[in-house]
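The following exercises concern helix packing and residue burial. Please work through each task with the structure in view before reading its solution.

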Amino acid sequence: MQNAITVQNVTYVYGEGTPFRVVALDNVSLNIEKGKLTGIIGHTGSGKSTLLQMLNGLVKPDIGKIIVGEDDIYSNKKLRREAAFRVGLVFQYPEYQLFEDTVRKDIAFGPKNMGLSDEEIETRVKEAAAFVGLSEEILEKSPFDISGGQKRRVAIAGILAMKPDILVLDEPASGLDPIGRREIFGGLENYRNATGTTMVIVSHSMEDMARYADDLIVFENGKVIMQGTKQEVFAKEKELRAIGLELPQITRLARRLSDMGISVSRDIYTVDEALDALLSAYGGGDK
């Protein structure tokens, strides 16, 4: 499988030479496979957000390489500038960055800066809005007169409209209720299915990672301590617990039932999988 991103021996230090020196990333190496959704998990301060900013050209490593496709994006200024369009970065709480008069203008801001024609910009705005579930009516409203969940979707649509090769999101559903979370992740899932775009998502929600991610990378104190498919990572329950991370609730329930002698797979990661397994095991009817 071809890699969309390769991180080679990257180290980054905040506050070098001061009493506040912090090693944010410590000799990190990892691969993001093209076309997959890779989840990055770990506690606050483990280095996840610093890495995301490096992928987009915002933060240059002190040591090491960030390779997007076949290009070391920090090898020259041109590639670093291009990374901002090739790798679309959605910050945590991106709605705080909205500033235009209308939702339509906010979504169009990125494509306009790319020098696209008015016709192409309008097509991209409508497509991006549709993926995140924004109606034509909302496009004419001020971004300051819509709900928090809608603002989040506007901000994400603004990145989608630039059609990046890789989409990188830092806690895209943070602070939203369960319905809002499903809407955000559902829109991202639809976009990925339609375009095949590689995605990298940081999240504290093991449930979201279990439902949507193909691969997982686990950070701890600036280091990558696990990486692999979600099945491979979730199989290391003791190691995850040792760093204060828990498996998804439904996985813990399935394993508890298995320990009690009930015929349920221990490798269940979503509620839908659990329902299917129980119906299959006990001859249930339609859902």
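## Exercise 1: Two helices side by side

Helix H3 (residues 103-113) packs against H6 at an angle of about 30 degrees, their axes lying 7 Å apart. The model is a predicted one. Classify this pair by orientation, and describe the contact.

Solution. Step one is the orientation: angles under 35 degrees count as roughly parallel, and H3 is therefore roughly parallel to H6. Step two is the handedness, and the crossing of H3 and H6 is right-handed. Step three identifies the residues: H3 supplies Val 103, Asp 106, Ile 107 and Pro 111, while H6 supplies Val 154, Ala 157 and Gly 158. Step four sorts the residues of this contact by class, giving 5 nonpolar, 1 polar and 1 charged.

## Exercise 2: A second partner for H3

State how H3 is oriented relative to helix H4 (residues 118-131), and list the residues that join the two helices.

Solution. Begin with the geometry: the axes of H3 and H4 are 9 Å apart, and the packing angle is about 125 degrees. H3 and H4 are therefore oblique to each other. H3 passes H4 in a crossing that is right-handed. On the H3 side, the contact involves Arg 104, Ile 107, Ala 108, Pro 111 and Lys 112; on the H4 side, it involves Ile 121, Glu 122, Val 125, Lys 126, Ala 128 and Ala 129. Sorted by class, the contact of H3 with H4 contains 7 nonpolar, no polar and 4 charged residues.

## Exercise 3: A second partner for H6

Determine the orientation of helix H6 (residues 148-160) relative to helix H7 (residues 178-195), and give the classes of residue at their contact.

Solution. The axes of H6 and H7 come within 11 Å and cross at roughly 15 degrees. That angle makes H6 roughly parallel to H7. The crossing in which H6 passes H7 is right-handed. From H6, Arg 152, Arg 153, Ile 156 and Leu 160 meet Glu 183, Ile 184, Leu 188 and Tyr 191 of H7. The contact of H6 with H7 comprises 5 nonpolar, no polar and 3 charged residues.

## Exercise 4: The two faces of a helix

Which residues of helix H11 (residues 249-259) are buried, and which exposed residues does the face turned away from them carry?

Solution. First, the buried residues in H11 are Ile 250, Thr 251, Ala 254 and Arg 255. They lie on the same side of H11, because they cover an arc of only 135 degrees around the axis. The general rule is that an α-helix has 3.6 residues a turn, so residues three or four places apart point the same way. Next, the face of H11 turned away from the buried side carries the exposed residues Gln 249, Arg 256 and Asp 259. Among the elements covering the buried residues of H11 are helix H9 (230-234), helix H10 (237-242) and helix H12 (271-281). Finally, Gly 261, which follows H11, has a positive phi near 95 degrees.

## Exercise 5: A proline in a loop

Is Pro 61 buried or exposed, and with which residues is Pro 61 in contact beyond its neighbours within four places in sequence?

Solution. Locate the residue first: Pro 61 is in the loop between helix H1 (48-55) and strand S4 (63-68). Its relative accessibility is 9%, so Pro 61 counts as buried. With neighbours within four places in sequence left aside, Pro 61 is in contact with Val 10, Thr 11, Tyr 12, Met 54, Ile 66 and Tyr 74.

Methods
Residues are numbered from 1 along each chain as its sequence is written. This is a predicted model: local features need pLDDT of at least 70, side-chain atom pairs count only at pLDDT 80 or more; totals for chains, interfaces and linings use all residues. Side-chain values use heavy atoms; hydrogens and water are left out. Axes are lines fitted to C-alpha atoms, for helices over the stretch in contact, and angles run from 0 to 180 degrees between N-to-C directions. Helices (H or I, at least four residues) and strands (E, at least two) are DSSP runs, numbered from the N terminus. Angles under 35 degrees count as roughly parallel, over 145 as roughly antiparallel, 65 to 115 as roughly perpendicular and the rest as oblique. A crossing is left-handed if the near helix is turned anticlockwise from the far one by less than a right angle, and right-handed if clockwise. Contact means heavy atoms within 4.5 Å. Ala, Val, Leu, Ile, Met, Phe, Trp, Tyr, Cys and Pro count as nonpolar, Asp, Glu, Lys and Arg as charged, and the others, Gly among them, as polar. Buried means under 20% relative accessible area, exposed over 50%, partly exposed in between (1.4 Å probe, protein chains only). The arc is that of the directions from the helix axis to the C-beta atoms.
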